[in-house]
Amino acid sequence: MPIQISRYEKIASLAALCLLLFACYQVLKPFIFDLLWAAILCFVTWPLYLRLRDWKLTANWAATAMVLPIGILLLTPFVAATLTFTEDINHLLQWLNQSRHVWPEAPAWLQSLPLVGDNAVAAWQSVGEDSSRLVNLARQYALGASSWLLQQGIGLAGELMHMGLAILVLFFFYRDGERVAQHVVIGVERLAGERTQRILHIVRSSLRAVVYGILGTALVQALASILGFVIAGVPYAFVLGVIAFFLMIIPAAGTVIWLPIALWLLAEGETGWAIFIALWFLLFVGTIDNWLRPILISREVELPFVLIVFGIFGGLLAFGFIGVFIGPTLLATSYALILDWLIRNEHEEQNNEAGLNDS
């Protein structure tokens with residue numbers, strides 16, 4: 001009888017624990033991605049925080065010194081976009097409804113191209129006709145898009161709130177990060193036993209490789225984008241570079257930033273600079289991630305590039321923007337763990353065969 005009571009108590013305790021964890025998940029569900037963003041930012045910048053601690057700063061002051069510049073860097077684009085959203089939309093509506101949009105004539109040098117000159121001019125005129133149709137269509141529906149614009153404005157304000165919450169959580173992750181890490185290690189030890197350190201090493205290496213590879217590549221592409229904008233005389237080059245940084249995290253998403261600028265330059269009659277921007281991004285900026293991202297990632301883990309691509313797009317579809325980091329990290333960790341397990345089994349088999357031969 002005592003054994004049955006003890007068993008029932010264990011089952012009841014486990015059920016109560018599962019119910020408690022589920023209730024906690026429901027409470028934290030709206031903020032899961034905020035916590036993940038804060039954890040990723042803390043992990044990436046942790047060496048800088050340790051350096052501040054080495055300068056004899058207290059945990060609170062070191063965390064504050066880290067959070068302030070990160071918060072300014074991340075929140076400034078969102079705040080600026082939120083404050084200028086209505087004004088920019090009004091300008092866009094006025095531009096669509098009042099301006100006469102005339103596609104420029106084909107440049108003379110395009111007609112003089114051997115063999116393909118006539119076809120190139122015809123294609124130029126076709127693009128102009130299509131763009132005029134698109135502007136006229138946008139003009140017809142511009143005034144009826146007020147509800148959609150309101151939803152976008154509310155969504156932008158919501159993103160700003162979540163980003164601010166992530167920055168706030170980041171402060172506590174810095175301040176109490178060492179204690180949290182100890183709890184995580186203890187929890188993993190209870191699940192994995194003696195392989196805990198190996199598993200944690202694989203997870204750390206995979207996350208560091210993915211984050212550094214993605215963010216490092218996006219940063220280099222953003223700097224190259226700013227350089228191209230400055231050379232071409234595009235206004236707000238730095239702001240556009242910040243936007244490009246976030247877009248470059250996703251493969252091929254850079255087209256969203258350079259194509260409208262190239263079309264705007266064409267509409268302004270700056271044909272040469274429009275062609276320069278297109279070639280700059282297609283032949284230089286757009287190719288950086290093809291070689292730099294694999295180099296940065298392979299410094300930490302040997303991960304096939306195809307898994308990186310699948311992880312980025314799969315994580316994006318499954319988890320949203322933060323999935324760009326979660327997807328490749330999950331695949332990289334799983335790949336490294338499976339590879340480690342196969343190598344370990346192979347070594348054990350070789351050792352067993354050597355022992356049988358010796359006997």
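Student: Among contacts between residues at least 6 apart in sequence, what share joins residues at least 24 apart?

Tutor: Keep in mind that we're looking at a predicted model. Take the contacts in the protein chain between residues at least 6 apart in sequence, then pick those that join residues at least 24 apart. That share is 71%.

Student: Which pair could show me a contact like that, starting from Leu 207?

Tutor: Leu 207 sits in helix α8. Its C-alpha is 8.7 Å from that of Phe 43, though 164 residues separate the two in sequence. Leaving aside neighbours within four places in sequence, Leu 207 is in contact with Thr 329 and also with Phe 43.

Student: Is Leu 207 buried or exposed?

Tutor: Buried means under 20% relative accessible area. Leu 207 has 18%, so it counts as buried.

Student: What kinds of elements build the chain, and how many are there?

Tutor: Going from the N terminus, the elements run α-α-α-α-α-α-α-α-α-α-α-α-α. Strands come to zero, and the count of helices is 13.

Student: Where does UniProt put the "transmembrane region" feature, and what is the helix share of residues 209-232?

Tutor: The unreviewed UniProt entry gives that feature to residues 36-52, 64-85, 153-174, 209-232, 238-266, 273-293 and 305-338. For residues 209-232, the end C-alpha atoms lie 34 Å apart, with 0% strand and a helix share of 100%.

Student: How far apart are the end C-alpha atoms of residues 305-338?

Tutor: This is another of the spans in the UniProt record. The chain here is 91% helix and 0% strand. Its end C-alpha atoms are apart by 17 Å.

Student: Which residues touch the most other members of the largest nonpolar core?

Tutor: That core has 41 residues. Elements giving two or more residues to it include α8 (196-232), α9 (237-248) and α11 (271-298). The members that touch the most others are Phe 229, Ile 257, Ile 277 and Phe 281.

Student: What does Phe 229 contact, leaving aside its neighbours within four places in sequence?

Tutor: Ile 257, Ile 277 and Phe 281 are among its contacts, and those three are named with Phe 229 as touching the most other core members. The rest of the contacts of Phe 229 are Val 234, Ala 237, Leu 240, Gly 241 and Ile 261.

Student: Why does the span of α9 agree with what we'd expect?

Tutor: α9 has 12 residues, and at 1.5 Å a residue they should span 16 Å. The end C-alpha atoms of α9 do agree with that, because they are apart by 16 Å.

Student: Where on α12 do its buried residues lie?

Tutor: The buried ones are Ile 308, Gly 311, Ile 312 and Gly 315. They cover an arc of only 95° around the axis, so they fall on the same side of α12.

Student: Which residues are exposed on the other side of α12, and what follows the helix?

Tutor: Phe 310, Leu 317 and Ala 318 are exposed on that other side. After α12 comes a residue with a positive phi, near 85°, namely Gly 320.

Student: Last one: is Gln 221 buried or exposed, and what does it contact?

Tutor: Gln 221 lies in helix α8. Its relative accessibility is 2%, so Gln 221 counts as buried. Leaving aside neighbours within four places in sequence, its contacts are Met 248, Val 285, Gly 286, Ile 288 and Asp 289.

Definitions and conventions:
Residues numbered from 1 in each chain as written. Predicted model: local features only at pLDDT ≥ 70, side-chain atom pairs only at ≥ 80, totals over all residues. Heavy atoms only, no water. Core = buried A, V, L, I, M, F, W, Y, C linked by side-chain atoms within 4.5 Å. Buried < 20%, exposed > 50% of the residue type's maximum accessible area, 1.4 Å probe, protein only. Helix = DSSP H or I, 4+ residues; strand = E, 2+ residues; numbered from the N terminus. Contact = heavy atoms within 4.5 Å. UniProt positions renumbered as here; feature names shortened; annotations may be inferred. Arc of directions from axis to C-beta. Expected span 1.5 Å × (residues − 1).
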